[in-house]
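Welcome! Here are some short exercises, each with a worked solution. Have a look at the sequence and the structure, then try each task before reading on.

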Amino acid sequence: FFDGSGLDLHVGVVSTDLDAPSHQGHLHAAGDLLFIDADTQDPIDVFAQMAALGTTGSGQERGLGATYLALEVHRDTFNAGFYRDDASIHTVLISDEQDQTQDTVISEAEFVDWYSALKRSSGDRTFSSIVETYGPDAGTVYLDVTRDIGGTTWDIASANWDDVLERLGLVASGLRREF
């Protein structure tokens, strides 16, 4: 939906690891690129490099805290130029466990209020969750946040990621399906 579309976009990746000082809401770079924009050469390869975070980070995933730090606390420092007041914001969180963000960083209710205030129109902001949807490791906090803000939910164990990626691409690119 984005590659070659001409859309004025910024795509970045943040880890849910808030223990490692090099992560803590910092955009994960690929070479010298902090985020992908319309001028990025080979954006698919660059995204693959940014998203290759691995599984060796903190055992306590804190996606709400990482999102808040990236878009608010480090907006004008580590992540300068990524967030734009006049652009929509669509966050996709992928996790195989419950959010463990401490309330001292931001509580779930504070997060929903803060994120919802980023953009006036609910169509200009979504928070989508690809998480375990059932069982003891279900990402219920993420699912609740998606329900409150708006976005797509998907079970991380689903074999058909093509469907969710198509849905996410349609929403983030501003396209809509009509039936």
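**Exercise 1.** Decide whether N79 is buried or exposed, and find its partners.

*Solution.* Step 1: N79 has a relative accessible area of 2%, so it is buried. Here buried means under 20% relative accessible area, exposed means over 50%, and partly exposed lies in between (1.4 Å probe, protein chains only).

Before the next step, a word on the model: it is predicted, so local features need pLDDT of at least 70 and side-chain atom pairs count only at pLDDT 80 or more, while totals for chains, interfaces and linings use all residues. Residues are numbered from 1 along each chain as its sequence is written, and side-chain values use heavy atoms, leaving out hydrogens and water.

Step 2: Place N79 in the loop between α2 (63-73) and β3 (89-94). Helices (H or I, at least four residues) and strands (E, at least two) are DSSP runs, numbered from the N terminus.

Step 3: Follow the side chain of N79, which reaches the backbone oxygen of G25 at 2.8 Å. A polar atom of this side chain also lies 2.9 Å from the backbone nitrogen of L27.

Step 4: List the contacts (heavy atoms within 4.5 Å). Leaving aside neighbours within four places in sequence, N79 is in contact with G25, H26, L27, A70 and H74.

**Exercise 2.** Describe the surroundings of H74.

*Solution.* Step 1: H74 lies in the loop between α2 and β3. Step 2: With a relative accessible area of 13%, H74 is buried. Step 3: Not counting residues up to four places away in sequence, H74 touches Q24, G25, H26, L69, N79 and A80.

**Exercise 3.** Why is α2 described as largely enclosed by the rest of the structure?

*Solution.* Step 1: Count the buried residues: 9 of the 11 residues of α2 are buried, so the helix is largely enclosed by the rest of the structure. Step 2: Name them: G63, L64, G65, A66, T67, Y68, L69, A70 and L71. Step 3: Find what they pack against, namely β3, α3, β4 and α4.

**Exercise 4.** Work out how α2 and α3 pack together.

*Solution.* Step 1: Two packed helices are described by the angle between their axes and the distance between the axes. Step 2: For α2 and helix α3 (residues 108-117), the angle is about 35 degrees and the axes are 11 Å apart. Axes are lines fitted to C-alpha atoms, for helices over the stretch in contact, and angles run from 0 to 180 degrees between N-to-C directions.

Step 3: The crossing of α2 and α3 is left-handed. That word is used if the near helix is turned anticlockwise from the far one by less than a right angle, and right-handed if clockwise.

Step 4: L64, T67, Y68, L71 and E72 in α2 meet E108, F111, W114 and Y115 in α3.

**Exercise 5.** Which residues of α1 are buried, and what do they pack against?

*Solution.* Step 1: In helix α1 (residues 43-51), the buried residues are P43, V46 and M50. Step 2: These residues cover an arc of only 60 degrees around the axis, which puts them on the same side of α1. The arc is that of the directions from the helix axis to the C-beta atoms. Step 3: The buried residues of α1 pack against β1 (10-11) and β2 (36-37).

**Exercise 6.** Look at phi in Q24 and D42.

*Solution.* Step 1: Most residues other than glycine have a negative phi. Step 2: Phi of Q24 is near 30 degrees, a positive value, and Q24 sits in the loop between β1 and β2. Step 3: Phi of D42 is near 55 degrees, also a positive value, and D42 is found in the loop between β2 and α1. Step 4: Q24 is partly exposed, with a relative accessible area of 27%, and D42 is partly exposed, with 48%.

**Exercise 7.** Where is I130, and what does I130 touch?

*Solution.* Step 1: I130 is in strand β4. Step 2: At 2% relative accessibility, I130 counts as buried. Step 3: I130 and L93 are 37 residues apart in sequence and 6.0 Å apart in space, C-alpha to C-alpha. Step 4: Not counting residues up to four places away in sequence, I130 touches several residues, including V92, L93, I94 and W154.

Definitions and conventions. A polar contact is a pair of N or O atoms within 3.5 Å; within protein, one must be able to donate a hydrogen and the other to accept it, and residues adjacent in sequence count only if both atoms are side-chain atoms.
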